[in-house]
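Student: I have a model open and want to learn to read it. Where do we start?

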Amino acid sequence: MAAPLIQIEDIHKSFDSLRVLEGVSLNIERGESIVVIGQSGCGKSVLIKHLIRLLEPDSGRVIFDGEDIGEYDFMTLSKLRLRFGMLFQSAALFDSMTVEENVGLGLTETKRYKPGKIREIVNEKLELVGLTGVNHKRPAELSGGMRKRVGLARAIANSPEVLLYDEPTTGLDPITADMINKLIVDLREKLEVTSVAVTHDMKSAFEIADRIVMLYGGKIEFDGTPDEVRGTTNPVVRQFISGSASGPIQA
Amino acid sequence: MPGGFQEIGRHGVNFVRTVGGMFMLLGKLIISFREVHRSLGLLMEQLYLLGVKSLPLIVIISIFVGAVSAWQAAYQFKFIGAPLRLLGHAVGKAVVIELAPVLSAIVYAGRVGAGVTAELGTMKVTEQIDALESMGISPVRYLVLPRVLASVFMVPFLVIFANFVAIVGALVVSIIGVAISSETFLTGFKYSFELSDFINGLIKAAVFGFIIGIVGCYYGFTTRGGAQGVGRATTSSVVVSMVLILIFNFVFAVILFRI
């Protein structure tokens, strides 16, 4: 059996006196769509940022494709990051740039394609996320859903092997959120990428996941398929998916 | 009292952390310098945004700095009975050695240092800097290098204008307000003018530009906690830049003008 594409080994991470991750270990197989669920502030975004070393663990390591990314120098790390695409919670579009410049920035800066080639790729990716005719708009002129889709187009511009989604449906109305979920499933099929998403939106998690992992108390509380999540008797998971205020999870 | 010691300790730790963080950013900046050719377009943009757009403000302030220097000098000369023909000499020295470099840098720190910190701080809290990194782009090469280099080039550029405009302001006040001839003022100025003073002023300005750039970027990159955090970082950036400008100005004075 092939080694997992990503191995997270006993990651600990604190910010000042606040312990966020307290020994998280997780394997992610190539082509898998994994969703990490958990309360707001439980460390889901912190965990996903470790995968491309936007954050460094206090201890533990992340192995990607058999190599410890903690040992990478800056140039090797930059090359690693080109194999990933990330959609940020707030889309994180550059305010001073147009949609076209946002989506094409990585290509301009890292691949150094000619402007015509970049425009061609940008249009192709925008079409993939269902956006046309917005190339010259600025992020401030777009709705929340459109901003997420531009963020997604930017994440796939470099044709990555792994897509990371940080709260892809947060702040969106239910219809737009469903549209984003379908887009994530659609992109996974078309681009054959490995997906890692973090969310507290259970509808989104059930729609896009092959496997759901729940983070609680800085550790992995549960790891199973969507059907296993639905059928579990684990009180923490049950309380979370039912959205009840009473139970072991305290706000 | 233990609370007092704790407070002193906390400030001490923060101070060490800030200084260490600035040196770490400086180290990354030096490393990113090998890719400066890839940042030339961004540098040109920052030269315009940070430098050229500061010119009108520098010109207005310098006119009045020159004007008030001439007025105050004339008032003091009358008070101690010094000859007014020395007015051009005194004002010229003061402007070229101290007033133009220091006040231009202070004004630049207020306008540009604050702007750089607010811009990068907002990018930080909205994850735009993380987004750059996630695309394999170095934020230091893409954001810090052009801003620091632009400041190193543009503060001396602004000081050249500030020197000229301040002397013109002083000249106008001398002619209209003090009633000395332009020849008298300019003869005094020419007599006092030394190229080394002018060049030292420009070297000081470049150092001040570097300080404003690196401090502005550091506080922007370390911003935490939303709009309030951006405001706090911006205030810290301007205050630290101004204090460092005045400290380094004193160091320059001690090194360059041996008593």
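Tutor: We take the contact between chains, then one residue, then a helix pair. This is a predicted model: local features need pLDDT of at least 70, side-chain atom pairs count only at pLDDT 80 or more, and totals for chains, interfaces and linings use all residues. Residues are numbered from 1 along each chain as its sequence is written, with chains lettered from A and ligands numbered from 1 in the order in which they are written.

Student: How many residues of chain A are in contact with chain B?

Tutor: Contact means C-beta atoms, placed from the backbone, within 7 Å. Here 17 residues of chain A touch ten residues of chain B. On the chain A side, α2 (74-81), β6 and α3 each supply at least two residues. The largest share, four residues, comes from α3(A). Helices (H or I, at least four residues) and strands (E, at least two) are DSSP runs, numbered from the N terminus.

Student: Where does Phe94(A) lie, and what does it contact beyond its sequence neighbours?

Tutor: Phe94(A) lies in the loop between β6 (84-87) and α3 (99-111) of chain A. Leaving aside neighbours within four places in sequence, Phe94(A) contacts Asn102(A) and Gln128(B).

Student: How do α3(B) and α6(B) pack?

Tutor: Fit axes to C-alpha atoms over the stretch in contact, and take the angle, 0 to 180 degrees, between N-to-C directions. Helix α3 (residues 55-80) and helix α6 (residues 139-178) of chain B pack at about 40°, axes 7 Å apart.

Definitions and conventions. Two residues are in contact if their C-beta atoms, placed from the backbone, lie within 7 Å.
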